Each structure stands twice: as C-alpha cells, then as structure tokens.
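Here is a short briefing on one protein chain. Look over the sequence and the 3D view first, then read on.

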Amino acid sequence: MTSPWRLIWSDHLTAAQNMAVDEAIFERVAARLAPPTLRIYGWCPPGISLGYFQALDEGVDVYAIRRRGYGLVRRPTGGRAIIHHHEVTYSVCIRAEDLNAGDSVLKSYRELSTGIAVGLCSLGAAARMPEKPSADRVKGHELPAVCF
C-alpha cells in the first residue's frame, strides 16, 4: 500500500447515519477525492445491519427490532445480519490498486487485517491474525467466520 491513509474516529451514530457516512467515504475514495480510509465508530442506539444480498425475511424479526428500539440498516457489503451493541466497529475504504492482494477477497482480508492487528499491538493489545486455513478446509468450506 503506497497511498497515505486517513483515520476517522466517529462518534456513536444511528444505524442509518453510520451506513450513510460509510457510503459517502466509499464514494469519495472511489472517485480519488479522498485517500484510503479507516473509520472507527460505534452505534447508538444498537443496530442490526443486514448483508447486501440478504433477504429481509431470512430470519429477521423486524417487529422485535423495533420493540427494542434498535436501528435496522443494510450494509454495502455481503454477509448475514449482525447486531451492533457495545462494540467498536470499523470500516475500510480502499481502491483495489492500493492493495497488494490483486482481486483475491481472502488475500485482501488478510492484508488489511494484518495492518489492523499491527496497529492494535502498537496500542498494547494482544492482537494476532488467525492461522491460515489449510487447503482441505478451504475446499470443504469449513472456513471460520472472518468478519470480526
């Protein structure tokens, strides 16, 4: 990665506000109007984010979410529903050519996550990357959840 990075520490925002900020950052980075950006933020009130391709009726109880006063939003990324409460969330917006991973999602994940782990270690946290899965596990689709 050769481009300088931008770090944004955001306050706790609603689910809709968080996704709107992430979308705005993405658009600026994609248009080369902003450098690669790491944003760190929280959620208030708690929220549920759905993956981009996830159907709303796939095990999501909208009425229970509303009763609890939680926000509900769709992420611009894939995956399944995630509850965001008492956590530190981050988003990374970077152009593909700024990565050394080519077009491999897993290599991109490992490159970005290694950088985050190094940053956390520099702050005194005992962060490390999980072991790289064996070829047999990859073929058998027994991969661990790597979202977090």
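The points below go from the overall fold to single residues and their salt bridges.

This is a predicted model. The protein chain has 148 residues, and 31% of them count as buried. Its secondary structure amounts to 4 helices and 6 strands.

**Overall layout**
- Starting at the N terminus, the elements follow the order β-α-β-β-α-β-β-β-α-α.
- Take the contacts between residues at least 6 apart in sequence: 68% of these join residues at least 24 apart.
- The chain exposes an accessible surface of about 9900 Å². Carbon and sulfur atoms account for 60% of that surface.

**Helix α3**
- Helix α3 covers residues 105-122, which makes 18 residues.
- From first C-alpha to last, α3 reaches 26 Å. That is close to the 26 Å expected at 1.5 Å a residue.
- Which residues of α3 are buried? They are S108, Y109, E111, L112, S113 and A117.
- Strand β6 (89-93) is included in what covers these buried residues of α3.
- After α3 comes G124, with a positive phi near 100°.

**Backbone features to look for**
- Most residues other than glycine have a negative phi, and most peptide bonds are trans. The next points list departures from that pattern.
- The peptide bond joining C44 and P45 is cis, with omega at about 0°.
- Where does P45 lie? P45 is in the loop between β2 (37-43) and β3 (47-50).
- R32 is not a glycine, yet its phi is positive, near 65°. R32 sits in the loop between α1 (15-30) and β2.
- R32 counts as exposed because its relative accessibility is 55%, and the cut-off for exposed is over 50%.
- H86 also has a positive phi, about 55°, without being a glycine. H86 belongs to the loop between β5 (82-84) and β6.
- Is H86 buried or exposed? Its relative accessibility is 75%, so H86 counts as exposed.

**Salt bridge between R39 and D22**
- How many salt bridges does the count give? The count comes to 4.
- One pair is R39 and D22, whose side chains meet at 2.8 Å, N to O.
- This pair links distant parts of the chain. R39 is in strand β2 and D22 is in helix α1, 17 residues apart.
- Both R39 and D22 are buried.

**Salt bridges around R95**
- R95 pairs with E97 in a salt bridge, at 3.7 Å from N to O.
- R95 also forms a salt bridge with D98. Their closest N and O atoms are 3.1 Å apart.
- Why does R95 count as buried? Its relative accessibility is 12%, and buried means under 20%.
- D98 is buried, as is R95.
- A network of salt bridges links R32, R95, E97 and D98.
- R32 thus appears twice in this briefing: R32 has the positive phi near 65°, and R32 is part of the salt-bridge network.

**Where to look in the 3D view**
- For the helix, find α3 at residues 105-122, then β6 at residues 89-93, part of its cover.
- For the cis bond, go to C44 and P45.
- For the link between helix α1 and strand β2, go to D22 and R39.
- For the network, go to R32, R95, E97 and D98.

How values were computed: Residues numbered from 1 in each chain as written. Predicted model: local features only at pLDDT ≥ 70, side-chain atom pairs only at ≥ 80, totals over all residues. Heavy atoms only, no water. Helix = DSSP H or I, 4+ residues; strand = E, 2+ residues; numbered from the N terminus. Buried < 20%, exposed > 50% of the residue type's maximum accessible area, 1.4 Å probe, protein only. Contact = heavy atoms within 4.5 Å. Areas by Shrake-Rupley, 256 points an atom, 1.4 Å probe, with all protein chains shown as cover. Expected span 1.5 Å × (residues − 1).
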